[in-house]
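Hi,

Here is the structure I promised to pass along. Have a look at it first, and my notes follow underneath.

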Amino acid sequence: MSYFRIFLAFLRVNIYGETAYRINFIIQLFQSLLNLGMTLGGLAIIFTYTNLLGGWQPNEVLALVGVYFLIGGIIRLIIQPGMEQLIESVRDGTLDFRLTKPADAQAIVSLQRVEIWEILEIILGLGVLIYALVKLGEIIGVLQAAEFVLMLTAGGVIIYSFFLILSTLSFWFVRVENILVIFQSVYEAGRWPVSLYPGWLRYGLTFIIPVAFATTIPAEALTSRLNWQTLVGAIALSIVLFIVSRIFWKTGLKRYSGASA
Amino acid sequence: MSKEKHNPMAYAIHVRDLSKFYVVSQQETGTKAAFQNLVHRRKTEVRAVDGISFDIEPGEIVGFLGPNGAGKTTTLKMLSGLLHPTSGELSVLGYVPSKREAVFLRQITLVMGQRNQLVWDIPAELTFELNQVIYRIPRDSYRSMVTELTELLDLGSLLKKPVRNLSLGERMKCEIAAALLHRPGVVFLDEPTIGLDVTMQQRIRTFIAEYNQRSGATVLLTSHYMADVAALCKRVLVIHHGKLLFDGELSGLLQQFTSHKTIIIQLDNCKANLSNYGEVKSYEDGRYTLRVPKAETARVTERLLAELPVIDLLVEEPPIEEVIARVFAQEEK
């Protein structure tokens, strides 16, 4: 509860900071629409040649694109900005102000920045997702919806933990911003079903850079593809990665404070 | 241990044989060396703080003096829990800082003159409210503290302006206020007046004294400016190359480290050779400045008055900056 209040306080700070640069809203809107347009255009072209993409029908892929935008928006709304600032603050020393606060420093660091205009990307993603589901004409049961939300949450936790692990590398190597940029490029692979890719790449996108968990698997829940093994696996992986990322954070802090030397 | 007059817990800050060594990799310049650095770095140990001990009573204002790289900031960081000591004993208000317990962090604060916690694009007021939430300050207590700080620091409308529009001095005042909202009992100030003009330095100094008086908080302050320390601190700690050179009253520092005094005399319209009284430092319009060994000051003064047509005579301690500079210079040798 108190961390929710901390989040709201940070949110207020960020919203105020953003309104000073109203132009960002326009830029973000333009960028999101362009990105969506390119993706949908690409999709339209591909489906003039084939009716099935990695075993997915056009409207199913559209639902996946919706999930891709939704999760991408969440990443750039709350996950990535805080991590970027973490890396920055390790370098310029302002992390000291976070560490002298009487609250969990990981929570503060994770909540400290919100790029509010990314909400547009989330809204667009939801819009595409709902449109695709309507076109599919499939009736989404309570169980399926619950599975979807569960997989979306697991995917979010997996991506967050993954980002945190990458960002804590800054405690050892100081300059690691580029790692987050690499993730961004790899994430783009998530707009297609991972079943489309050859085995080694599918494996990489699932377990090395866990993009599949963020996009394909939640979309599978909506298109009746999800089996219980994947469901349990995703939940287990999210818990394990979260714990591992916490260990990375603690070890990194020890390094920062010179406790490990 | 039981023979000690004070229980370490009774001190606000208790430090024994505190050390902090860093291992740093040396980077050599040049292309070839740059590639070698990628593979293998030469490591050297730096003794930032090397076995210092001191105790600070609750409510004291203590100045921490030393040149750049002396170990002041490293010590403050250890005291505020940011750095783990390599060895030694350390307690602040009875807590071990490096554990960073919330109860401990709630009672301390750290202000760094060279770094900002205020968010650049927004008014300081919003960062204040953020701190209110993080420190869980009750609303009434928060409001009265903001009112009090606004009055003491003359913040006025500054809190409503985006921080980027404030001058350096205004920003520092807001930084200090943001750091004190939770009424900390121990305040660490690292170069709080750096880069500020004289008026603003004075303003901040007055405030620190006033805050200490009102709240009874313990204050440990580092500064480059001797005036800060002279105005605020009865007691100073002098640190150099990680070692504590002096711990005591400011006047004692002068006593201990000055070997000479300065005698300034004005003679009635005559030129005299004063070199057999002491070292003549300057001469100007009948005004001589002499440097004499401290022990001989009285005797020389007596002789001057008896043997020369003296209009005016003044005995001065050398400026404190000079004394400190000499202390550090001696250490270099």
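B:Glu129 and A:Arg12 reach across to each other with their side chains and form a salt bridge, 2.1 Å from N to O. Keep in mind that this is a predicted model, so every distance here is computed from predicted coordinates. That pair belongs to the contact between chain B and chain A, where the count of salt bridges is 3. Polar contacts turn up there as well: 7 residue pairs across the interface of chain B and chain A, both partners at pLDDT 80 or more.

Which parts of chain B supply the side that touches chain A? Three elements each bring at least two residues: α3 (102-105), β5 and α4 (124-134) of chain B. The largest share comes from α4(B), with 6 residues. Sorted by class, this side of chain B has 14 nonpolar, 5 polar and 9 charged residues.

As for the extent of the contact, 28 residues of chain B and 27 residues of chain A take part. The area buried between the two chains comes to about 2,600 Å², and carbon and sulfur atoms give 66% of that. If you want names to click on in chain B, try B:Leu82, B:Leu130 and B:Ile134: they lose the most area to chain A, and together they make up 22% of what that side buries.

Back to salt bridges for a moment. Over all chains, the whole structure has 25 of them. One to look up within chain B is B:Arg16 with B:Asp55, where the closest N and O atoms are 2.7 Å apart. This pair ties together distant parts of the chain: B:Arg16 sits in strand β1 (residues 13-26) and B:Asp55 in strand β2 (residues 42-56), 39 residues apart.

Now the sheets in chain B. One is an open sheet of 6 strands with mixed pairing, in the order β5-β6-β7-β3-β8-β9. Its edges are β5 (108-112) and β9 (243-249), each of which pairs on one side only. From one neighbour to the next, the strands are turned by 15° on average, direction ignored. So you can find your way inside this sheet, look for β3 (residues 61-65) and β8 (residues 235-240) of chain B, which run parallel and are joined by 4 bridges. There, B:Leu65 stands opposite B:Val238.

Two helices of chain B go with this sheet. Helix α9 (residues 250-257) packs on the sheet, touching β8 and β9, and its direction makes about 120° with that of β9(B). Helix α6 (residues 168-180) lies across β5 and β6 (186-190), running at about 165° to β5(B). Strand β5 is worth a second look, as this edge strand also supplies at least two residues to the side that touches chain A.

What is the strand order in the open sheet of 4 strands in chain B? Reading across, the order is β11-β12-β10-β13, and the pairing is antiparallel. Here β11 (279-284) and β13 (310-316) are the edge strands, each pairing on one side only. The twist averages 20° from one strand to the next. Strand β10 (residues 260-267) runs antiparallel to β13(B), with 6 bridges between them, and B:Ile264 stands opposite B:Leu314. Helix α10 (residues 297-307) of chain B lies across β10, β12 (287-293) and β13, at about 170° to β13(B).

That's everything from my side. Happy browsing!

Key. Residues are numbered from 1 along each chain as its sequence is written. Chains are lettered from A and ligands numbered from 1 in the order in which they are written. This is a predicted model: local features need pLDDT of at least 70, side-chain atom pairs count only at pLDDT 80 or more; totals for chains, interfaces and linings use all residues. Side-chain values use heavy atoms; hydrogens and water are left out. Two strands pair if DSSP finds at least two bridges between them. Axes are lines fitted to C-alpha atoms, for helices over the stretch in contact, and angles run from 0 to 180 degrees between N-to-C directions. Contact means heavy atoms within 4.5 Å. Buried area is the accessible area (1.4 Å probe) that two parts lose on being put together, summed over both. A salt bridge is a side-chain nitrogen of Lys or Arg within 4 Å of a carboxyl oxygen of Asp or Glu. A polar contact is a pair of N or O atoms within 3.5 Å; within protein, one must be able to donate a hydrogen and the other to accept it, and residues adjacent in sequence count only if both atoms are side-chain atoms. Ala, Val, Leu, Ile, Met, Phe, Trp, Tyr, Cys and Pro count as nonpolar, Asp, Glu, Lys and Arg as charged, and the others, Gly among them, as polar.
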